[in-house]
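Could you walk me through this structure in the viewer, one selection at a time? I would like to know what to click on next and what is there.

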Amino acid sequence: MISFLQKILLTLFILLPASPALRAAGQRGVGQDALLARRVPPARYQKTENDLLVVFLDVGQGNAVLIVSPEGKTLLYDAGGTPEWMGSSWDPGARVIVPYLDELEINELDYMLMSHSHSDHIGGMPAILNNFKVKTFLDPGFDPDSGLYADLLNLVRARGSDYMVIREGDGHKIDLGKSVKVEIFSPPADFYFRGTNSDSNNNSVLMKVICGDVSFLLTGDLEERGELYAARKYRSQLASNILQVGHHGSATSSSKPFLEQVLPEVALIPVGDRNTFGHPRAEALNRIESVGAEIYRTDYDGHVLVYTDGKTFVVETER
Ligand SMILES: [Zn+2]
């Protein structure tokens with residue numbers, strides 16, 4: 001059981017260094033502790049001067065992460081989208097992200113970054129480009145001739161955004177203000193992964209966002225091959241408080257050697273309710289829990305907001 005003091009601190013929405021009981025709250029339906037950890041108010045963004053805000057948006061089966069720096073700089077990492085083969089016309093860009101940005105009174109984005117070219121990451125981007133000025137568009141530059149990717153780049157050009165390929169070592173090219181630092185670990189600077197389980201996934205942009213002592217690691221749909229490359233080369237430089245779990249919690253991501261370098265306190269899984277892929281997979285969940293991370297999921301939690309002043313961080317969920 002958790003202590004009375006911990007209950008009070010949870011009520012204040014302060015994320016504690018998790019006790020075993022709180023770690024268990026990362027699972028659904030495990031009793032009072034889980035309920036207590038989840039009962040936070042609906043997400044309302046009340047920005048304070050020194051906060052970095054990172055929002056893991058609930059876009060169904062897809063990925064979209066909004067970053068707003070203390071200096072007011074904005075970066076949207078992926079924009080959700082419905083897999084083409086599902087034949088659905090539901091557009092999370094238009095239905096979720098555009099209204100969300102409006103609510104935050106954000107009327108232009110400094111950056112929009114595509115982790116990789118799959119439709120559940122870029123399908124929502126045309127709506128963003130058509131509704132907001134996007135100053136700079138960033139992508140990993142892997143096989144840009146495929147249909148949806150090529151169409152998107154045409155729209156980026158037509159809308160007048162600057163364009164930059166972003167790979168290992170290019171973090172300094174992203175300016176989110178003086179209090180935030182960006183590092184890019186992958187795709188590798190001098191080659192792309194080929195012949196893997198999914199080359200597009202493995203060439204996802206692996207990006208760390210650092211604000212003081214608090215850091216976030218965004219992975220897109222990075223799978224084991226890309227994870228092992230980064231884990232071997234960068235080791236504890238990958239260490240991050242908050243991890244966006246790769247490939248929606250697929251069994252082919254969240255490899256043990258990678259997680260043992262990242263050692264996240266919070267693991268965020270961007271995943272759609274009752275998705276047909278069976279994401280997240282039990283194998284991945286077990287590995288994530290074995291490094292002691294508390295798991296949040298957009299299918300259960302809705303939008304998940306993390307605020308940090310660079311010293312501590314607070315997690316709020318929509319549901
Ligand atoms: Zn995906």
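Here is a tour that goes from the whole chain to its sheet, core, a helix, a hairpin and some backbone details.

**The whole chain**

Start with everything shown as a cartoon, and keep in mind that this is a predicted model. The secondary structure comes to twelve helices and 14 strands. Colour by burial and you will find that buried residues make up 51% of the 319 residues in the protein. Contacts also reach far along the chain: among those with a separation of 6 or more, 66% are between residues 24 or more positions apart.

**The six-stranded sheet**

Next, select β7 to β12. These six strands form an open sheet in the order β7-β8-β9-β10-β11-β12, and the pairing is mixed. At the edges are β7 and β12 (294-297), each of which pairs on one side only. Look along the sheet to see the twist, which averages 20° from one strand to the next.

Now zoom in on β9 (residues 214-218) and β10, which run parallel and are joined by two bridges. Show side chains here, and you will see L217 standing opposite L243 in β10.

Add helix α9 (residues 224-234) to the selection. Helix α9 lies across β7 and β8, and runs at about 115° to β7.

**The nonpolar core**

Which residues touch the most other members of the largest nonpolar core? Select V65, I128 and L268: of the 80 residues in that core, these three touch the most other members. The strand that gives the most to this core is β8 (residues 206-211), with five residues. As background, nonpolar side chains in soluble globular proteins tend to be buried together.

Stay on L268 for a moment and display its surroundings. Neighbours within four places in sequence aside, L268 is in contact with F56, I242, L243, Q244, V245, Y296 and V304. L243 is a residue you have already met, opposite L217.

**Helix α4, seen from its end**

Move to helix α4 (residues 92-103). Its twelve residues should span 16 Å at 1.5 Å a residue, and the end C-alpha atoms are 15 Å apart, which agrees. Colour P92, G93, V96, I97 and L101, which are buried. Then turn the view to look down the axis: the buried residues of α4 fall within an arc of 115°, so they line one face of the helix. Those buried residues pack against α6 (125-131). On the other side of α4, select P99, D102 and E103, which are exposed. Before leaving, click on E105, which follows α4 and has a positive phi, near 60°.

**The β13-β14 hairpin**

Select β13 (residues 304-308) and β14, which run antiparallel and are joined by five bridges. One pair to look for is Y307 of this hairpin, standing opposite V314 in β14. There are four residues between the strands, and in this hairpin G310 takes a positive phi near 90°.

Which side chains of β14 are buried and which are not? Along β14 (residues 313-317) the side chains alternate: F313, V315 and T317 point to one face and are buried, whereas V314 and E316 point to the other face and are not. You can also return to V304, a contact of L268.

**Backbone details in the loops**

The last stops are best viewed with backbone atoms shown. Go first to S186 and P187, which are joined by a cis peptide bond with omega of about 10°. P187 sits in the loop between β7 (181-186) and α8 (199-202). Then find H279 and P280, where the peptide bond is also cis and omega is near -5°. The loop that holds P280 runs between β11 (266-269) and α11 (282-290).

Finish with two positive phi values in residues other than glycine. H247 has phi near 50° and is in the loop between β10 (242-244) and α10 (256-262). Is H247 buried or exposed? With 31 other C-beta atoms within 10 Å, H247 is buried. L263 has a positive phi of about 45°, and is found in the loop between α10 and β11. With 15 C-beta neighbours inside 10 Å, L263 counts as partly exposed.

Note on methods:
Residues numbered from 1 in each chain as written. Predicted model: local features only at pLDDT ≥ 70, side-chain atom pairs only at ≥ 80, totals over all residues. Buried ≥ 20, exposed ≤ 12 C-beta atoms within 10 Å, placed from the backbone. Pairing = 2+ DSSP bridges. Core = buried A, V, L, I, M, F, W, Y, C linked by C-beta atoms within 7 Å. Contact = placed C-beta atoms within 7 Å. Expected span 1.5 Å × (residues − 1). Arc of directions from axis to C-beta. Axes fitted to C-alpha atoms, helices over the stretch in contact; angles between N-to-C directions.
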